[in-house]
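Here are my notes for anyone opening this one for the first time. Have the sequence and the 3D view side by side as you read.

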Amino acid sequence: MSLGHACVDVYQGAVAALVPYFVAERAYSYAAASGVVLAASLLSSLVQPLFGVLTDRWAMPWLLPLSALTAGAGVALSGVTGSYALTLAVVAVSGVGVAAYHPEAARVARALAQGRHTGMGWFSFGGNAGFALAPLLVFAVVATGGLRASPVLVLPALAGAALCAAAVRSAGSVAAGSGARAAAGADDWGSFLRLSGAVVCRSVVFVGLSTFVALYVRERTGGGEAAGTAALFVLYAGGAAGTLAGGRLAGRYGRMPVVRRSYALTVLAVAGLVLVPGPPVYLFVALTSAGLYVPFSLHITLGQDFLPRRVGTASGVTLGLTVSVGGLAAPALGALADATSLRSALLPLVALPALGRLLLCGLREPAPPAAADAVGADPRDAAAR
């Protein structure tokens, strides 16, 4: 499941990684380039809750390989389309594939992890590793062959579809049966909505930096395509490590304290990224990555525990909808960058993690997963919760 997640989330990272090439080869403005990111996010945001509701009612493991192929096909076609409108359309199709994947994948992963934070941490690690590899993959394909080589980018989707199909077969009745099993406990919508608001703040920062950090670092350091790709790789790669660290830190200190401190760190890190000139910007990119990603898998398990009767819905929102919503802000940042500068456009991102931290104030740790969801769970993980 973790490897399949990596193959799917390559395509979330690939859209942002393609932005500098759209600017260079097609002379897109910042606003037009960020519109591509919006296309991948908008339709995904609208359909993600629907897939969450569906997976709460029925187990749909067949959706995993199909969604992997859909996500890959859209990105693979984006470089060979003949118009801006067609580019937006195929990227939007890719976004639907990503949206269809996450709620069902999170449900299956939760069942296989048997309620353990570390299990969900590895599942999230796979997705973040895919993000991290996306800039390198796009650089290897598009920097050498141009946008016309984008069909090569379908290869991870083919691998992901095979991995997802194999995972579903090996999971057998565990994955299929978990969808129909009712969880005990009451849904805490108030806490869930506050958590979701904080994740939206995190998402706007993450998508904004994903879209523009490569261009910004090239501008600040005077480097070329390699300098921008390196910055995007650091942003994503730090996230892969941060996700695993988040699960371990939560086991020691509790989920809510770790999440709150991560948001506080992000405020300082984003400020340094935007304001400090020269090569040290890479250090602040790494710190920003840690602040954004340490709470990533914890958002998922917290959301699922706040809504124990609607695990698919909770997963669709925390893992998909609130992440995709960040793309809605990208055109506004692009328009501001066109009117002023990239630095001015990124400055508002400093305030958003602070707002997210305020939303988390007073939020209590939810009740642990019901016994029905934690059959076979490691007692050490139960004690950590």
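1. Start with R255, which makes a salt bridge with E365, the closest N and O atoms lying 2.6 Å apart. R255 sits in helix α10 and E365 in the loop between α16 (351-360) and α17 (379-384), so this pair ties together parts that are 110 residues apart in sequence. Bear in mind that this is a predicted model, so treat the distances here as computed values.

2. R255 has a second partner: it also forms a salt bridge with D305, with 2.9 Å between the closest N and O atoms. Here the link runs from helix α10 (residues 255-275) to helix α12, and the two residues are 50 apart in the chain. Put the two pairs together and you get one network of R255, D305 and E365, joined by salt bridges that share partners.

3. How buried or exposed are the members of that network? R255 is buried, because its relative accessible area is 2%, and D305 is buried too, at 7%. E365 comes out as partly exposed, because its relative accessibility is 32%. As background, side chains of opposite charge can pair when their charged atoms come close.

4. How many salt bridges does the structure hold? There are 3. The one not yet mentioned joins the side chains of R310 and D187, at 2.2 Å from N to O. It also links distant parts of the chain: R310 is in the loop between α12 (296-306) and α13, D187 is in the loop between α7 (173-178) and α8 (189-221), and 123 residues separate them. R310 counts as partly exposed because its relative accessibility is 36%, while D187, at 18%, counts as buried.

5. Now step back to the whole chain. It has 17 helices and 0 strands, and buried residues make up 57% of its 385 residues. Of the contacts between residues at least 6 apart in sequence, 86% join residues at least 24 apart. The accessible surface is about 13700 Å², with 70% of it belonging to carbon and sulfur atoms.

6. Next, the inside. The largest nonpolar core has 75 residues, and V138, Y236, L273 and L349 have the most contacts within it. Helix α1 (residues 2-26) gives the largest share of this core, 11 residues. A second core of 18 residues lies apart from it, with V199, M256, L298 and V317 among its members. In soluble globular proteins, nonpolar side chains tend to be buried together.

7. L349 is a good residue to click on. What does L349 touch, leaving out residues up to four places away in sequence? The list is V204, V205, G208, L209, V270 and L333.

8. Have a look at helix α9 as well. It covers residues 225-253, 29 residues in all, and reaches 41 Å from its first C-alpha to its last, close to the 42 Å expected at 1.5 Å a residue. Just after α9 comes G254, which takes a positive phi of about 100°.

9. Last, the surface. L42, L43, L46 and L328 make a nonpolar patch of about 350 Å². One of these, L328, is found in the loop between α13 (311-325) and α14 (330-339). L328 counts as partly exposed because its relative accessibility is 38%.

Key:
Residues numbered from 1 in each chain as written. Predicted model: local features only at pLDDT ≥ 70, side-chain atom pairs only at ≥ 80, totals over all residues. Heavy atoms only, no water. Patch = residues over 30% accessible without salt bridge, like charges linked within 9 Å, V, L, I, M, F, W, Y side chains within 5 Å. Areas by Shrake-Rupley, 256 points an atom, 1.4 Å probe, with all protein chains shown as cover. Salt bridge = Lys/Arg side-chain N within 4 Å of Asp/Glu carboxyl O. Helix = DSSP H or I, 4+ residues; strand = E, 2+ residues; numbered from the N terminus. Buried < 20%, exposed > 50% of the residue type's maximum accessible area, 1.4 Å probe, protein only. Expected span 1.5 Å × (residues − 1). Core = buried A, V, L, I, M, F, W, Y, C linked by side-chain atoms within 4.5 Å. Contact = heavy atoms within 4.5 Å.
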